[in-house]
Amino acid sequence: MKKRFFFYGTLTHAHDNPVTRAVLPLLGPARRGWVRGRLHAVRHGEGWYPVLTPVSAGSVSGRVFGYVYDSGPRFTRATLRLLDSYENCDPRRPARSEYRRRTVTVRVPGQGTVRADAYLFNRPLHPGLCPIPGGDFAAFITARGLSALGSGRAGARRR
């Protein structure tokens with residue numbers, strides 16, 4: 001099963017959690033990229049996670065930075081179900097889902113654009129969400145000394 005993803009939060013190699021440990025070995029190397037959108041942080045228990053909301057195609061502002069990953073030969077439908085479950089995304093019941101998996105256009109410096117699946121926030125924004133003005137979740141939590149959801153430590157880096 002061949003897939004391409006744009007991850008911008010706790011699924012990137014910048015974070016160490018059970019899902020990244022299970023999924024990232026099944027993906028190719030990360031390529032830095034960005035999409036049009038806005039990023040907000042949500043506090044959940046002892047950690048934070050980001051939500052991406054799209055902006056209009058004509059907007060000149062609103063970049064969200066992350067990484068493009070291509071699936072490898074061992075990536076399966078079960079892996080995709082694991083990602084969907086982690087993101088509270090049920091393609092059969094999108095109205096109940098916190099996120100929807102959608103194809104987005106990712107700008108990859110020096111390589112143009114690619115199409116990739118990303119998890120977009122599927123709820124209305126509310127005042128409790130913390131805007132991330134620079135559009136970079138890993139930089140946001142590191143600068144503020146916060147912990148990413150599931151990592152157990154601030155700005156955990158996985159090599």
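Leaving aside neighbours within four places in sequence, which residues is Thr 53 in contact with? The section on Thr 53 below gives the list.

## Overall fold

This is a predicted model. The protein chain holds three helices and eight strands. Along the sequence they follow the pattern β-α-β-β-β-β-α-β-β-β-α. The radius of gyration is 15 Å, close to the 15 Å that the globule rule gives for 159 residues, so the protein chain is as compact as a globular protein of that length.

The C-alpha trace spans about 40 × 40 × 35 Å along its principal axes. Contacts reach far along the sequence: among those between residues at least 6 apart, 68% join residues at least 24 apart.

## Burial, surface and charge

Of the 159 residues, 50% count as buried. The protein chain exposes about 8400 Å². Carbon and sulfur atoms supply 52% of that area.

The protein chain carries 27 positive and 9 negative charges. The mean positions of these two sets are 5 Å apart.

## The three-stranded sheet

One open sheet has three strands in the order E4-E3-E8. Its pairing is antiparallel. Strand E4 (47–53) and strand E8 (130–131) are the edge strands, and each pairs on one side only.

Strand E3 covers residues 38–44. It pairs with E4 in the antiparallel sense over seven bridges. Within this pairing, Leu 39 has Leu 52 of E4 as its bridge partner.

## Thr 53

Thr 53 is found in strand E4, which is an edge strand of the sheet. Is Thr 53 buried or exposed? Its relative accessibility is 13%, under the 20% cut-off, so Thr 53 counts as buried.

Beyond its neighbours within four places in sequence, Thr 53 is in contact with Gly 37, Arg 38, Phe 121 and Leu 125. One of these, Arg 38, belongs to strand E3.

## Glu 87

Where is the place of Glu 87? Glu 87 lies in the loop between helix H2 (77–86) and strand E6 (99–108). Why does this loop residue count as buried? Its relative accessibility is 11%, and buried means under 20%.

Leaving aside neighbours within four places in sequence, Glu 87 is in contact with Leu 11, Glu 98, Tyr 99 and Tyr 119. Tyr 99 is part of strand E6 (99–108). Arg 115 sits 28 residues from Glu 87 along the chain, and the C-alpha atoms of the two are separated by 20 Å.

Technical notes
Residues are numbered from 1 along each chain as its sequence is written. This is a predicted model: local features need pLDDT of at least 70, side-chain atom pairs count only at pLDDT 80 or more; totals for chains, interfaces and linings use all residues. Side-chain values use heavy atoms; hydrogens and water are left out. Helices (H or I, at least four residues) and strands (E, at least two) are DSSP runs, numbered from the N terminus. The radius of gyration is taken over C-alpha atoms; the globule rule is 2.2 Å times the number of residues to the power 0.38. Buried means under 20% relative accessible area, exposed over 50%, partly exposed in between (1.4 Å probe, protein chains only). Contact means heavy atoms within 4.5 Å. Accessible areas come from the Shrake-Rupley method with a 1.4 Å probe; for residues, only the protein chains shown count as cover. Lys and Arg count as positive and Asp and Glu as negative; His and the chain ends are not counted. The place of a charge is taken as NZ of Lys, CZ of Arg, CG of Asp or CD of Glu. Two strands pair if DSSP finds at least two bridges between them.
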